[in-house]
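Student: Pick one part of this protein and give me a close look at how its residues pack. Then show me how the rest of the chain compares in outline.

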Amino acid sequence: MDLEVKGIAASPTSQAQPFSGRKKLLQQGQTSKSWAIQNPRLPVVPPLDLQSLIDSDEECVQGEEALIDTLTTLDRKALLQQGYAEIPYNAQRSTRRSDAEIVAAERKKQTVAEQVITDHLSRAVISDPEQNLTTAREDGARVFPDSRIAPLRFRKRTLHETKIRTHSTLTENMLSHKVQFDGRIISRNGRDACRELIGFFFIHDQSLTIYEYRQFGKNRTNVLPFIQKNIYSHQCGRRKGKQYQLGDFYVGGNLTFLSSDHPRLPESIKENKLLILRITNIDQIALYSLKTDSVEHEDDITSQEANDRLVLEAVQDVLKEQLLKRGVRILTGLGKYLKQLDKEGTGLLDKAAVKQALQEFHLQVSEDALESAWQVLEGHAGGKADYGEFTRAVIGEMNEYRKSFVRKAFMKLDFNKTGCVPLTDIRKCYCAKKHPQVISGHSTEEEIKLSFLETLKGACSKSDEVSYGEFEDYYEGLSIGIVNDEDFVNIVRTPWGI
């Protein structure tokens, strides 16, 4: 479904990073609007009752004690990872590392952009039907008995003819009017989720193309088309069937494609009917410039999507309170449970199965709220919905800034690019030396490491390895209790050394 789901992290980080190379200002991640903001009413002031205030204080204390009592051993061990957020922020080191990452990212994007221009300008010339006119006349005028001994100037050369006067309207100037963006595939398959995709939306014909950047070792790189240049339309959601426009490109937006329309896609992607690509970063300078020059008409779909967001935000607000401090255990367990219910392996479940999963993990949602959310997300025949999409929508997910570090950590661990990491490798790479409890002497490195491995292992369907989806679920649950983006980045960066 082409719907931007508001993240449950509490701080709105600016995901959109200009391509000028300047370091972006880190802001806070996203949260759902409070109920009070969504439903403004005049406050009703009750009569002051001191005894009721005392009773209220006692109830609050009892409520906090009840929450503590509901925490399991695994919950407490998972919360130990939040200790990394207490490490003092090293601005100088962070700046130096970020500058190096920005330079590398800019070099990568420049390489892909040059390849795209080269590809499409060359194809415009090669595919021009006039390129064969001159050589065809020459072939007709002089016929040699043996073409292998014919002079080079008389041989038919259709691919590299250099003296062609083409009337094609595709020029470098037209291709330069584009918006460049980074994307990731929404998938629980690690190999697909960690693909480095860079896309381009061209204004002159409203077409788009997506390229994949691959790096082999330190010096060898490869840039290949992933989605061929063409005009595409939304494949699901309120905008299904509508052609992509400039307003559809923003950080957090989804682009959907039919896998059957792209036979060259990897087999793991073609197993699913839809390919969903999430925009993780975009050239804001080019986007703003092009938006000021173009005029797009609003339609009724915009208000419908706004109502859909309000429905999902209301459910997120309810579930967020229930997941606080228990997010790791519940989200990792919920992912495993839903996968077990999916006997056919299609990624689709009906409403009864999803409701059963929520009840299994004591996540209470009213019948009306669940029905409203289901109506928003149901997009398949037979009354079924993608349960991964449903989970992201009603529980929420990390903003793209946070998720970029989770992907970076997994890509460092998965150096063979198999999509799964053996637990032995995770044990070797995880470093608890800088954990505050280790520094203070309250715990040893081995104790912190074992607590992490125990909670992570509880998320795994296999006893000896961790998939990307399970790794992501772990940090999705941990992200719920972290308000500040930089605190979460510390939690991911410190033990993995990224």
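Tutor: When I say two residues touch, I mean they have heavy atoms within 4.5 Å of each other. Keep in mind that this is a predicted model.

Let's start with Y475. Leaving aside residues up to four places away in sequence, Y475 touches M398, V406, F452, F488, V492 and W496. Y475 also belongs to the largest nonpolar core, a set of 38 residues, and is one of the members that touch the most others, along with I426, F452, F471, V492 and W496. So F452, V492 and W496 turn up twice: as contacts of Y475 and on that list of best-connected core members. Five helices each give two or more residues to this core: α15 (400-413), α16 (423-429), α18 (445-457), α19 (468-479) and α20 (485-496). The top contributor is α15, with 6 residues. There's a second, separate core too, with 28 residues, including L319, A353, A393 and V394.

Now for a residue from much earlier in the chain. L74 sits in helix α3, which covers residues 73-79. Setting aside residues up to four places away in sequence, L74 touches R329, E454 and T455. With T455 the sequence gap is 381 residues, yet the C-alpha atoms are 5.9 Å apart. L74 counts as partly exposed because its relative accessible area is 32%, between the cut-offs of 20% for buried and 50% for exposed.

For a contrast, try β1 (residues 178-185), where 8 of 8 residues are buried. In a regular strand, side chains alternate between the two faces of the sheet. In β1, K178, Q180, D182 and R184 point one way, while V179, F181, G183 and I185 point the other, and all of them are buried. β1 pairs antiparallel with β2 (residues 196-202) over 6 bridges, and one of the bridge partners there is F201, matched with V179. β1 also runs antiparallel to β6 (residues 274-282), joined by 5 bridges, with R184 standing opposite R278.

Zooming out, the protein chain has 20 helices and 10 strands, and 42% of its 498 residues are buried. Take contacts between residues at least 6 apart in sequence: 69% of them join residues at least 24 apart. As for the surface, the chain exposes about 27,200 Å², with carbon and sulfur atoms supplying 52% of that.

How values were computed
Residues are numbered from 1 along each chain as its sequence is written. This is a predicted model: local features need pLDDT of at least 70, side-chain atom pairs count only at pLDDT 80 or more; totals for chains, interfaces and linings use all residues. Side-chain values use heavy atoms; hydrogens and water are left out. A nonpolar core is a set of buried Ala, Val, Leu, Ile, Met, Phe, Trp, Tyr and Cys residues joined through side-chain atoms within 4.5 Å. Buried means under 20% relative accessible area, exposed over 50%, partly exposed in between (1.4 Å probe, protein chains only). Helices (H or I, at least four residues) and strands (E, at least two) are DSSP runs, numbered from the N terminus. Accessible areas come from the Shrake-Rupley method with a 1.4 Å probe; for residues, only the protein chains shown count as cover. Two strands pair if DSSP finds at least two bridges between them.
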